Amino acid sequence: MKKTLVVYYSKTGTTAAAARVIMAATNGEGFELKPVTPFPDDMYETSDVAAAQYQAHQLPELVSVPDITEYDQILIGTPTWSSRMATPVAAFVSQTVFADKEVRFFATSVGQTTGLIDDFTAQLLSGDQKQPLILTKRPTEAEIHDWLN
Ligand SMILES: Cc1cc2nc3c(=O)[nH]c(=O)nc-3n(C[C@H](O)[C@H](O)[C@H](O)COP(=O)(O)O)c2cc1C
């Protein structure tokens, strides 16, 4: 079985809940990304902060990043923010060398995800990226197995 690390950011818990299902289905370990400076509670303010971070190419500083050396497969989870990945996840991706790792993204959303897949492709500069899993509700184990196999 592939050794799996599920790396995710979650502002309000939805992506964390999906990550837990994915960890259980893959027997994977989890790593939650935390920005040094938390985002505002308000969605619109968060949207503005994230847009400014993307615009200035100043992605948020993270408390820590995982060591991915010992894993075969890295599953990266993000909320959808204005049809892009959340900036803490972009920060992780931009400072990690995935080399020969198998990398797959999953995103939670409320269903407005046009452009999100292009963002995954654009952000991931190396590694073997396959089809992302885009969710509007908590995934089932069958859905996860379909995605990964
Ligand atoms: C700043 C911001 C922007 C968002 N933009 C989108 C969007 O473009 N499309 C969408 O479907 N959901 C959008 N959402 C909703 C979140 O993607 C969704 O609620 C997600 O599951 C939250 O994950 P979390 O609880 O792990 O933070 C946005 C939420 C926030 C806070």
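Helices and strands are runs assigned by DSSP, with at least four residues for a helix and at least two for a strand, and they are numbered from the N terminus. In this predicted model, the elements of the chain follow the order β-α-β-α-β-β-α-β-α-β-β-α when read from the N terminus. That string contains five helices and seven strands. The radius of gyration of the chain is 14 Å, close to the 15 Å that the globule rule gives for 149 residues, so the chain is as compact as a globular protein of that length. Along the principal axes, the C-alpha atoms fill a box of roughly 40 × 30 × 25 Å.

The surroundings of the ligand come next. A shell of 22 residues surrounds the ligand, and the closest of them are Thr 14, Thr 15, Pro 79, Thr 108 and Ser 109. Three elements, α1 (14–26), α2 (43–56) and β3 (73–81), each supply at least two residues of this shell. The largest share comes from α2, which gives four residues. Sorted by class, the shell holds 15 polar residues, six nonpolar ones and one charged residue.

Helix α1 can also be followed to a helix at the other end of the numbering, α5 (residues 141–148). The two helices pack with their axes 10 Å apart and at an angle of about 70 degrees. Angles of 65 to 115 degrees count as roughly perpendicular, and α1 and α5 are therefore roughly perpendicular to each other. The crossing of α1 past α5 is right-handed. On the α1 side, the residues in contact are Val 21, Ile 22, Ala 25 and Thr 26, and they meet Glu 141, Ile 144, His 145 and Leu 148 of α5. By class, this contact is made up of five nonpolar residues, two polar ones and one charged residue.

Notes: Residues are numbered from 1 along each chain as its sequence is written. This is a predicted model: local features need pLDDT of at least 70, side-chain atom pairs count only at pLDDT 80 or more; totals for chains, interfaces and linings use all residues. A residue is near a molecule or strand if its C-beta atom, placed from the backbone, lies within 6 Å of it. Ala, Val, Leu, Ile, Met, Phe, Trp, Tyr, Cys and Pro count as nonpolar, Asp, Glu, Lys and Arg as charged, and the others, Gly among them, as polar. Axes are lines fitted to C-alpha atoms, for helices over the stretch in contact, and angles run from 0 to 180 degrees between N-to-C directions. Angles under 35 degrees count as roughly parallel, over 145 as roughly antiparallel, 65 to 115 as roughly perpendicular and the rest as oblique. A crossing is left-handed if the near helix is turned anticlockwise from the far one by less than a right angle, and right-handed if clockwise. Two residues are in contact if their C-beta atoms, placed from the backbone, lie within 7 Å. The radius of gyration is taken over C-alpha atoms; the globule rule is 2.2 Å times the number of residues to the power 0.38.
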